[in-house]
Amino acid sequence: MRTSTRTRFAVQLLFAVLLAGCAHGPDFDPQAPFEETYAQAVAALNANDFGAAEEGFRMALKKNPRHANCHYYLGTLLARRGEEEMAIVGLERAIELEPAFPEAYYNLGTLRMNRGDLDLAIKLLEESIRLNPDYPPTYVNLGKAYFLAGSLELAGAAYEEALSRDPDSIPALANLEMLARGAGEEEQAREYERRLEEARSKSNH
């Protein structure tokens, strides 16, 4: 079963700069059962040993090519090192195998947004929200996609939805301040600025 912890980890894979952990990864036994190889790969991932994790998930997929989580994790690893085309293939395969997979829709939608495929990105992020409506970063990225597509009102509404779930969402507050200033709503912009400073102060403690 997927958890919010896995969701947070997936976001880290795509958008944070993390240091590799172990210098020497586990030895994967080609003859080991799928479950053992998969567990080793997940353990390597949790240890930030990304090279070993990638090797493990590739080997696990040879043993069970229809495992959605393997495709998902491998896709996020490939995205992390800039292989976006192959990452997209992996995330799309994960969704094909498990259609109710909000994390995969989120990461795929974010990749599509970053590549300028805005209509598709919006659909993917909206589907992620339909499946998991309580994850604030999805609303933030949906807001970015709407903004890039020129739909400023929808962007603002998406950022407000993020704030309704996380009142200290720094990206949502920063983007709402920008939208308010762009619309000439200086009083509202100052209020977002005040809240943004408070949120940043909290995050530094």
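The mean pLDDT of the chain is 90, and 88% of its residues reach 70 or more. Residues 1-23 fall below 50 in pLDDT, yet this stretch has 43 contacts in the model beyond near neighbours in sequence. The model is a predicted one. The chain has eleven helices and zero strands.

**Overall fold**

- Read along the sequence, the pattern is α-α-α-α-α-α-α-α-α-α-α.
- The chain holds 205 residues, and 45% of them count as buried.
- Take the contacts between residues at least 6 apart in sequence: 52% of these join residues at least 24 apart.
- The exposed area of the chain is about 10700 Å². Carbon and sulfur atoms supply 52% of that area.

**Largest pocket**

- The largest pocket encloses about 150 Å³ of space.
- Its lining includes Tyr106, Asn141, Lys144 and Ser169. Prolines also appear in the lining, among them Pro136, Pro137 and Pro171.
- Asp166 and Asp168 belong to the lining of the largest pocket as well, as do Val140 and Ile170.
- By class, the lining residues divide into six nonpolar, two polar and three charged.
- Two helices, H8 (136-148) and H10 (170-182), each supply at least two residues of this lining.
- Helix H8 gives the most, with five residues.

**Helix H10: Glu177**

- Glu177 is found in helix H10, a helix that also contributes to the lining of the largest pocket.
- Is Glu177 buried or exposed? Glu177 counts as buried because its relative accessible area is 13%, under the 20% cut-off.
- Setting aside residues up to four places away in sequence, Glu177 touches Ala189, Tyr192, Glu193 and Leu196.

**The loop between H1 and H2: Pro26**

- Pro26 lies in the loop between helix H1 (4-15) and helix H2 (34-46).
- The relative accessibility of Pro26 is 29%, so Pro26 counts as partly exposed.
- Which residues does Pro26 contact, leaving aside its neighbours within four places in sequence? They are Gln40, Ala44, Asp49 and Ala52.
- Of these partners, Gln40 and Ala44 fall within the 34-46 range of helix H2.
- Pro26 and Ala41 are 15 residues apart in sequence. Their C-alpha atoms are 8.4 Å apart in space.

**The loop between H2 and H3: Asn48**

- Asn48 sits in the loop between H2 and H3.
- Asn48 is not a glycine, yet its phi is positive, at about 65°.
- Asn48 has 23% relative accessibility and therefore counts as partly exposed.

**Helix H3: Lys62**

- Lys62 has its place in helix H3, which covers residues 50-63.
- Why does Lys62 count as exposed? Its relative accessible area is 75%, and exposed means over 50%.
- Lys62 and Phe34 are 28 residues apart along the chain. Their C-alpha atoms are separated by 8.8 Å.

**Helix H5: Glu84**

- Glu84 is found in helix H5, which spans residues 84-97.
- Glu84 counts as partly exposed because its relative accessibility is 27%. The partly exposed class lies between the 20% and 50% cut-offs.
- Not counting residues up to four places away in sequence, Glu84 touches Leu111 and Arg115.
- The C-alpha atoms of Glu84 and Arg112 are separated by 9.4 Å. Along the chain, Glu84 and Arg112 are 28 residues apart.

Conventions. Residues numbered from 1 in each chain as written. Predicted model: local features only at pLDDT ≥ 70, side-chain atom pairs only at ≥ 80, totals over all residues. Heavy atoms only, no water. Helix = DSSP H or I, 4+ residues; strand = E, 2+ residues; numbered from the N terminus. Buried < 20%, exposed > 50% of the residue type's maximum accessible area, 1.4 Å probe, protein only. Contact = heavy atoms within 4.5 Å. Areas by Shrake-Rupley, 256 points an atom, 1.4 Å probe, with all protein chains shown as cover. pLDDT = per-residue confidence, 0-100. 1 Å grid on protein atoms, 1.4 Å probe; cavity = no way out; pocket = protein on both sides within 12 Å on 5 of 7 lines; lining within 4 Å. Points joined across faces, edges and corners; volume = space filled by probe spheres on them. Nonpolar A, V, L, I, M, F, W, Y, C, P; charged D, E, K, R; others polar.
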